[in-house]
Amino acid sequence: MPDYLSCRLCPRRCGVNRTLTAGRCRQTDKIRIARAALHMWEEPCISGERGSGTVFFSGCTLDCCFCQNFEISQQNKGYFITEDQLTDIFLRLQGEGAHNINLVSPTPFVPSIIKALDKAKGRLNIPVVYNCGGYERVETVEALKDHIDIWLPDLKYFSAEASKKYSNAEDYFATALAAIKKMQSIAGKPVFGEDGLLKRGVLVRHLVLPTLRKDSMKIIEALSENFAPDDIILSVMSQYTPMYRAAEHREINRRVSTFEYNSVLDFARAAGFDGYSQERGAATNAYVPPFEGEKLR
Ligand code: SF4
């Protein structure tokens with residue numbers, strides 16, 4: 001069972017005692033969340049008609065310079081809650097009609113999340129979603145195997161140069177791919193309910209970045225080499241908007257062009273993956289464009 005005493009929950013492996021101090025993720029052992037509410041802006045198989053019961057945890061294991069949620073992930077916006085309160089939040093969201101419990105950026109709080117889910121056992125009967133940046137340790141994924149139904153990792157970069165430059169994680173790709181392989185080995189192929197919603201499986205998200213469409217294609221190639229097309233669901237996202245510190249890098253200080261996005265989408269379709277695309281043209285700081293279709297192809 002993972003704990004906070006010498007924290008190695010994520011690939012940063014700080015080794016700090018979080019009962020005494022914060023780690024690189026800026027979090028101690030006190031659970032800090034920024035928001036817990038029904039959320040409609042995930043892929044349709046997650047949000048459904050009533051919404052996903054989303055809990056946004058403060059802090060992050062990555063330092064993405066373009067983070068849309070930078071106030072929560074990088075600037076520690078949020079408030080402290082106890083494990084019992086987290087259990088109550090899960091049950092409250094279920095009572096409000098949530099199709100699932102959606103843990104956003106949960107990695108720094110895995111020990112508390114496991115305990116809160118254990119306390120909800122027998123009362124919480126909707127799937128639990130692990131919504132993360134992909135920068136995970138295989139050991140932490142393994143520790144979660146009895147508590148998570150749906151894995152929702154990003155796969156952001158292939159290039160170590162890009163992952164270092166934009167997220168301060170040079171080892172991102174190999175680390176994230178190993179974690180996603182572990183997630184898929186635990187969850188198996190996607191399982192949908194009669195309501196069309198995902199009940200179990202892995203949905204990999206890839207956000208296309210300006211100037212990096214070739215990097216996107218290498219990611220899709222790697223997914224093809226490691227997974228059968230029906231092993232995972234792939235969501236190719238167009239919503240990149242330069243926010244937070246993105247302006248420090250001129251090449252990513254713009255939206256993704258239609259050509260860039262469509263070329264990646266065509267590549268994903270040719271690889272045979274099922275999944276989602278996103279409408280172009282609607283992304284702004286305040287608006288996430290809707291996901292389209294049940295299938296990429
Ligand atoms: S979860 Fe936080 S404290 Fe623990 S290893 Fe990762 S960055 Fe360090």
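**Exercise 1. Strands 4 and 5**

Task: In this predicted model, find which residue stands opposite Val129 of strand 5, and describe how strand 4 and strand 5 pair.

Solution.
- Step 1. Look across from Val129 in strand 5: the residue opposite is Asn102.
- Step 2. Place this pair in its setting. Strand 4 covers residues 101-104, and its pairing with strand 5 is parallel, over four bridges.
- Step 3. Turn to the cover of strand 5, residues 128-132. Five of its five residues are buried, so the strand is mostly covered.
- Step 4. Sort the side chains by direction. Val128, Tyr130 and Cys132 point one way, while Val129 and Asn131 point the other way. The residues on both sides of strand 5 are buried.

**Exercise 2. The partners of strand 1**

Task: Work out in which sense strand 1 pairs with strand 2, and in which sense it runs relative to strand 3.

Solution.
- Step 1. Take strand 2, residues 52-57. Strand 1 pairs with strand 2 in the antiparallel sense, and six bridges are found.
- Step 2. Pick out a facing pair: Ala37 is opposite Thr54 of strand 2.
- Step 3. Take strand 3. Strand 1 and strand 3 also run antiparallel, joined by three bridges.
- Step 4. Pick out a facing pair here too: Ile31 is opposite Ile81 of strand 3.

**Exercise 3. The largest cavity and the ligand**

Task: Find where the ligand sits and which residues surround it.

Solution.
- Step 1. Search the whole structure for cavities of 30 Å³ or more; one is found.
- Step 2. Note the volume: the largest cavity holds about 90 Å³ of space.
- Step 3. List the lining. There are 14 lining residues, and those nearest the centre of the largest cavity are Cys7, Cys10, Cys14, Arg18 and Cys25.
- Step 4. Sort this lining by class: seven residues are nonpolar, three are polar and four are charged.
- Step 5. Place the ligand, which sits in the largest cavity.
- Step 6. List the shell around the ligand: Cys7, Leu9, Cys10, Arg12, Arg13, Cys14, Arg18, Gly23, Arg24, Cys25 and Pro108.
- Step 7. Sort the shell by class: six nonpolar, one polar and four charged.

**Exercise 4. Positive phi angles**

Task: For Arg13 and Asn76, give the phi angle and then the place in the chain.

Solution.
- Step 1. Recall the background: most residues other than glycine have a negative phi.
- Step 2. Read phi for Arg13. The angle is positive, about 45°, although Arg13 is not a glycine.
- Step 3. Locate Arg13 in the segment before strand 1, which spans 31-39. Arg13 is also one of the residues around the ligand.
- Step 4. Decide on its exposure. The relative accessibility of Arg13 is 47%, so this residue counts as partly exposed.
- Step 5. Read phi for Asn76: a positive value near 65°, again in a residue other than glycine.
- Step 6. Locate Asn76 in the loop between helix 2 (70-73) and strand 3 (79-81).

**Exercise 5. The second largest pocket and His147**

Task: Describe the second largest pocket, then decide whether His147 is buried or exposed.

Solution.
- Step 1. Give the volume: the second largest pocket contains about 230 Å³ of space.
- Step 2. Name the residues closest to its centre. Among the 15 that line the second largest pocket, these are Leu117, Lys121, Val128, Asp146 and His147.
- Step 3. Sort the lining by class: six nonpolar, three polar and six charged residues.
- Step 4. Locate His147 in the loop between helix 5 (138-143) and strand 6 (150-153).
- Step 5. Apply the cut-off. Buried means under 20% relative accessible area. His147 has 16% relative accessibility and therefore counts as buried.

**Exercise 6. Two residues compared with the cut-offs**

Task: Decide whether Leu62 is buried or exposed, and do likewise for Lys214.

Solution.
- Step 1. Locate Leu62 in the loop between strand 2 and helix 2.
- Step 2. Its relative accessible area is 2%, so Leu62 is buried.
- Step 3. Check a distance: the C-alpha atoms of Leu62 and Leu144 are 20 Å apart, with their positions 82 residues apart along the chain.
- Step 4. Locate Lys214 in helix 8, residues 213-226.
- Step 5. Exposed means over 50%. Lys214 is at 54% relative accessibility and so counts as exposed.
- Step 6. Check a distance here as well: Lys214 and Val264 are 50 residues apart along the chain, and their C-alpha atoms are separated by 8.1 Å.

Key
Residues are numbered from 1 along each chain as its sequence is written. This is a predicted model: local features need pLDDT of at least 70, side-chain atom pairs count only at pLDDT 80 or more; totals for chains, interfaces and linings use all residues. Side-chain values use heavy atoms; hydrogens and water are left out. On a 1 Å grid over the protein atoms alone, a cavity is a set of points where a 1.4 Å probe fits but cannot get out, and a pocket is an open set with protein on both sides within 12 Å along at least five of seven lines; lining residues have an atom within 4 Å of a point. Grid points are joined across faces, edges and corners, and a volume is the space filled by probe spheres set on the points. Ala, Val, Leu, Ile, Met, Phe, Trp, Tyr, Cys and Pro count as nonpolar, Asp, Glu, Lys and Arg as charged, and the others, Gly among them, as polar. A residue is near a molecule or strand if one of its heavy atoms lies within 4 Å of it. A molecule sits in a cavity or pocket if more than half of its atoms lie within 2 Å of its grid points. Helices (H or I, at least four residues) and strands (E, at least two) are DSSP runs, numbered from the N terminus. Buried means under 20% relative accessible area, exposed over 50%, partly exposed in between (1.4 Å probe, protein chains only). Two strands pair if DSSP finds at least two bridges between them.
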